[in-house]
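Colleague: I have some questions about this model before I go back to the bench. Could you take me through them one at a time?

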Amino acid sequence: MKRYDVAVIGAGVVGAALARALSATRASVVLIDAQSEAGFGTSKANSGIVHAGHHGDPATLKGALEWPGNQAWDALAAELGFAFRRIGELTVAFDDAERAHLDALEARGRAKGVPGLERWDAARVRREEPALSHDVDDALYAPTAGVVNPYEACYTLVENAVRNGVEAVFDAPVTDVEILDGGAAFALRAGARRIEARYVVNAAGLFGDALNVLAGAGGPTLRGRKGEEYLLDKRLQGTVRRLVFPVPGRASKGTLIIPTYDGTLMVGPTAHEVDDKEDVTTTAAGAEEVFAKVRRLAPGLQASDVIAQFAGVRAVAEDDDFHVGATDRPRWLQALGIQSPGLTAAPVLAERLVAELAAQGLALEPDPAFDPVLPPPVRFAAADAVVQEALVARDPAYARMVCRCELVTEGEIRDAIRRGARTLDGIKFRTRAGMGRCQGGFCTLRCMELLERDAGIPLPDVRKRGPASWVAIPRVDGAPGKGVAS
Ligand SMILES: Cc1cc2nc3c(=O)[nH]c(=O)nc-3n(C[C@H](O)[C@H](O)[C@H](O)COP(=O)(O)OP(=O)(O)OC[C@H]3O[C@@H](n4cnc5c(N)ncnc54)[C@H](O)[C@@H]3O)c2cc1C
């Protein structure tokens with residue numbers, strides 16, 4: 001049986017960034033995830049903010065890695081072609097007590113070396129962001145804050161890693177760990193497979209503590225802290241142009257206004273401890289809480305404009321910090337307790353893990369064949385008429401419109417499937433098909449048919465996301481046809 005140099009458990013943004021970093025070396029690497037595609041854990045369900053760098057206390061690991069993490073995203077986005085823009089952020093204050101918070105935040109940012117921080121008075125805030133409450137009387141502006149489509153970052157990291165030799169194994173929950181050769185290697189039971197590796201990195205998010213127990217590796221116990229997010233109609237595009245933060249609370253950075261990369265406004269998240277780490281329900285109470293807080297920031301933003309909502313669960317360790325690197329068990333590494341700003345910090349978390357693997361004896365020679373660049377996908381709607389005409393002449397699939405809200409063609413969906421999409425969400429996150437106002441009412445069946453045609457997945461086996469999220473069931477009357485009950 002093949003014995004890999006490294007098995008990475010978890011294809012969230014941390015595992016994906018690590019797999020990609022390791023793919024630049026000659027090490028043999030397998031990336032394992034319980035779900036059907038990369039990023040389907042916490043990493044797809046967040047605010048998508050590359051934090052400006054000044055929020056976190058540098059005495060904590062999560063605070064210390066925020067600014068170096070921020071700095072890594074320009075190069076990553078340039079190489080992998082995912083959506084990333086530094087749109088800047090405002091933290092707003094309403095009274096003297098909150099102004100004191102801004103003073104502290106500004107001082108922290110300056111001490112961390114975060115450039116470009118400015119104080120804006122009420123008049124400047126009103127001029128730059130007219131939709132914000134007129135009660136805002138001071139703000140700290142940080143131009144270094146950015147937004148990404150977090151799921152896209154995960155997919156592209158994994159796609160690039162795979163093109164550079166990493167093996168990715170999905171639908172493979174790790175349920176057992178065997179210690180081999182007196183601790184010199186491990187055997188993982190991963191779905192139907194048994195995978196051997198000399199080193200393991202546990203980046204399994206919320207469930208990583210259970211894996212550490214299986215490996216006898218110690219480590220933190222993790223709790224879930226849920227955040228609900230609400231996406232608003234595209235007609236509000238441009239109403240607020242920068243990320244808007246209140247002064248932070250104890251458990252989170254607060255409820256924010258987030259202009260996503262694609263221009264849609266999003267508001268959220270909440271921050272509440274949950275007993276069930278898989279509880280990604282949204283609730284009436286959550287919506288009320290979010291909009292009460294958001295109305296204070298921007299009175300015009302209303303719950304009636306919500307077109308979609310989702311929740312993500314942060315993995316929180318007892319000490320509220322990241323746990324990254326060695327564990328009690330040699331060759332079993334961890335990246336656990338990766339709550340916010342875990343997305344921001346992921347590239348430097350990967351660097352730290354690579355350094356720890358080397359420190360524990362793994363030879364990591366650079367691979368001269370490593371290609372850091374991914375070819376960009378076709379975006380038909382964004383292309384000009386000449387390019388569109390050339391695309392259609394080359395391939396008529398680019399002339400067949402599948403998603404009418406977001407103007408996504410059959411050619412783009414087929415390309416997404418070729419590049420790894422295996423679920424409806426995989427298509428949606430890669431192409432935006434199903435992300436518009438009708439939320440897939442029009443294009444879902446067509447996307448399912450394309451998954452059947454191009455990925456060979458029978459229609460009743462097509463899933464929205466995970467194994468339990470089926471959309472159609474086989475016909476029970478035995479009648480011929482597509483095999484789908486209507
Ligand atoms: C509401 C919300 C908003 C946030 N906003 C931001 C933000 O704006 N900016 C920011 O920097 N951070 C933000 N975060 C934090 C960020 O999302 C996380 O820090 C980051 O996604 C953690 O990534 P991860 O790879 O550690 O975990 P995950 O993405 O959860 O990945 C872990 C993976 O492990 C897999 N797995 C689990 N158990 C097993 C097993 N037994 N076998 C195989 N695979 C397994 C899972 O399927 C999953 O894919 C936010 C978080 C939330 C919830």
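Colleague: How many disulfides does a search of the whole structure find?
Modeller: This is a predicted model, in which local features need pLDDT of at least 70 and side-chain atom pairs count only at pLDDT 80 or more, while totals for chains, interfaces and linings use all residues. Residues are numbered from 1 along each chain as its sequence is written, and side-chain values use heavy atoms, with hydrogens and water left out. A disulfide here is a pair of cysteine sulfur atoms within 2.5 Å. With that cut-off, the count for the whole structure is zero.

Colleague: Which cysteine has the sulfur nearest to that of Cys405, and how far away is it?
Modeller: Cys405 is in no disulfide. Its nearest cysteine sulfur is 3.8 Å away and belongs to Cys438.

Colleague: Is Cys405 buried, partly exposed or exposed?
Modeller: Buried means under 20% relative accessible area, exposed means over 50%, and partly exposed is in between, using a 1.4 Å probe and protein chains only. Cys405 has a relative accessible area of 35%, so the term for it is partly exposed.

Colleague: Now the ligand, please. Which residues are closest to it?
Modeller: A residue is near a molecule if one of its heavy atoms lies within 4 Å of it. The ligand has 40 residues around it, and the closest are Asp33, Ser43, Ile49, Ile338 and Thr344.

Colleague: What are the distances from ligand oxygen atoms to the side chains of Gln35, Asn46 and Ser43?
Modeller: Each value runs to an N or O atom of the side chain, and a polar contact is a pair of N or O atoms within 3.5 Å; within protein, one must be able to donate a hydrogen and the other to accept it, and residues adjacent in sequence count only if both atoms are side-chain atoms. For Gln35 the distance is 3.5 Å. For Asn46 it is 2.9 Å, and for Ser43 it is 2.5 Å.

Colleague: How much of the ligand's accessible area does the protein cover?
Modeller: Accessible areas come from the Shrake-Rupley method with a 1.4 Å probe, and for residues only the protein chains shown count as cover. On its own the ligand has 1,000 Å² of accessible area, and the share covered by the protein is 95%.

Colleague: Which elements give two or more residues to the shell around the ligand?
Modeller: Helices (H or I, at least four residues) and strands (E, at least two) are DSSP runs, numbered from the N terminus. The elements that qualify are α1 (13–22), β13 (222–232), β18 (306–317) and α9 (342–359).

Colleague: On to helix α6. Why does its length agree with what should be expected?
Modeller: The expected span of a helix is 1.5 Å times one less than its number of residues. Helix α6 has 14 residues, 150–163, so it should span 20 Å. The C-alpha atoms at its ends agree with that, being apart by 20 Å.

Colleague: How many residues of α6 are buried?
Modeller: Among the buried ones are Cys154, Leu157 and Val158. Cys154 has a relative accessible area of 0%, and Glu159 is buried at 13%. The helix is mostly covered, and the count out of its 14 residues is 12.

Colleague: Which peptide bonds are cis?
Modeller: Most peptide bonds are trans. One cis bond, with omega near 5 degrees, runs from Ser340 to Pro341, and Pro341 is in the loop between β20 (332–336) and α9. Another, with omega of about -10 degrees, joins Gly268 and Pro269.

Colleague: What is the phi of Leu407?
Modeller: Most residues other than glycine have a negative phi. Leu407 is in the loop between β21 (401–403) and β22 (408–409), and it is partly exposed at 41%. Although it is not a glycine, its phi is positive, at about 55 degrees.

Colleague: Last one: which side chains make polar contacts with that of Arg414?
Modeller: Arg414 is in helix α11 (residues 410–418) and is buried, with a relative accessible area of 9%. One contact, of 3.4 Å, is with the side chain of Tyr398. Another, of 2.6 Å, is with the side chain of Asp395.
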